[in-house]
Amino acid sequence: MTKKLSGKVALVTGGSRGIGAASARALADEGADVAISYVASPDKAEAVVTELKAKGVRARAFRADQASAKDVTQLVNDVAKEFGHLDILVNNAGVAAGGAIDDASADTEALARQDQVNVHGVIAAIRAASQLMGEGGRIVTVGSMLADRASFPGLADYVATKAAVVGYTKGAARDLGP
């Protein structure tokens, strides 16, 4: 039985755990070779890579800080070089930081990092991948149901990042869809 993604190469950002690891497994189950990125969990990333290889696909983990556009661009280019091409990008990496807007002691560094990872990391990955993908390339961006609602206090900054990702993804789809 031919798997529908045989011969395809996928990159899953934040693929060492959670939704990212599950996405990587699902892609490998369909025959795709899979690269995952991680920033702080090399052991978890290598465990996922071992699982993926056991499915009969090529797999590799790359360390890249999604908060750095330079790291993200290098990641995309390194994956394409290592695997020969890139067909699928899954923007999954994300962080959550919160706090009330009027909290003078809010961790503004964590909030700024959240913006860099959740918004600018996605933008950098899409821009880099779109330069390498051919006809039929696919970009999937994992969002949040919180993109259009702040369900409880202290979510404004997180919600803003997820709303920005929805808007950017819609714009990217319009630009790249044809």
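Colleague: How many salt bridges does the structure hold?
Modeller: Happy to start there. Keep in mind that this is a predicted model. Among its salt bridges are the pair Glu51 and Arg25, and the pair Lys55 and Asp29. Counted over the structure, the salt bridges number six.

Colleague: Which residue forms a salt bridge with Glu51?
Modeller: Glu51 sits in helix H2, which covers residues 42–54, and its partner is in helix H1, residues 18–29, so the salt bridge ties together parts that are 26 residues apart in sequence. The closest N and O atoms of the pair are 2.7 Å apart. The partner of Glu51 is Arg25.

Colleague: Is Arg25 buried or partly exposed?
Modeller: Buried would need a relative accessible area under 20%, and exposed one over 50%. Arg25 has a relative accessibility of 26%, so the label for Arg25 is partly exposed.

Colleague: And where does Lys55 lie?
Modeller: The side chain of Lys55 meets that of Asp29 in a salt bridge, with an N to O distance of 2.7 Å. Asp29 belongs to helix H1, so this pair also links parts that are 26 residues apart in sequence. Lys55 itself lies in the loop between H2 and strand E3 (59–63).

Colleague: What is the relative accessible area of Asp29?
Modeller: Its salt-bridge partner Lys55 counts as partly exposed, at 30% relative accessibility. Asp29 is partly exposed too, and its relative accessible area is 38%.

Colleague: How many residues apart in sequence are the parts that Arg113 and Asp65 tie together?
Modeller: Arg113 and Asp65 form a salt bridge, and their closest N and O atoms are 2.9 Å apart. Arg113 is in helix H4 (residues 108–132), while Asp65 is in the loop between E3 and helix H3 (69–83). The separation in sequence is therefore 48 residues.

Colleague: Is Asp65 buried or partly exposed?
Modeller: Its partner Arg113 is partly exposed, with a relative accessible area of 33%. For Asp65 the relative accessibility is 18%, and the cut-off for buried is under 20%. Asp65 therefore counts as buried.

Colleague: Let's move to strand E4. With which side chain does the side chain of Asn91 make a polar contact?
Modeller: Asn91 is found in strand E4, residues 88–91, and is buried, with a relative accessible area of 1%. Leaving aside neighbours within four places in sequence, Asn91 is in contact with several residues, including Val122, Ile126 and Val140. The polar contact spans 3.3 Å, and the side chain at its other end is that of Thr141.

How values were computed
Residues numbered from 1 in each chain as written. Predicted model: local features only at pLDDT ≥ 70, side-chain atom pairs only at ≥ 80, totals over all residues. Heavy atoms only, no water. Salt bridge = Lys/Arg side-chain N within 4 Å of Asp/Glu carboxyl O. Helix = DSSP H or I, 4+ residues; strand = E, 2+ residues; numbered from the N terminus. Buried < 20%, exposed > 50% of the residue type's maximum accessible area, 1.4 Å probe, protein only. Polar contact = N/O pair within 3.5 Å; in protein donor to acceptor, adjacent residues only side chain to side chain. Contact = heavy atoms within 4.5 Å.
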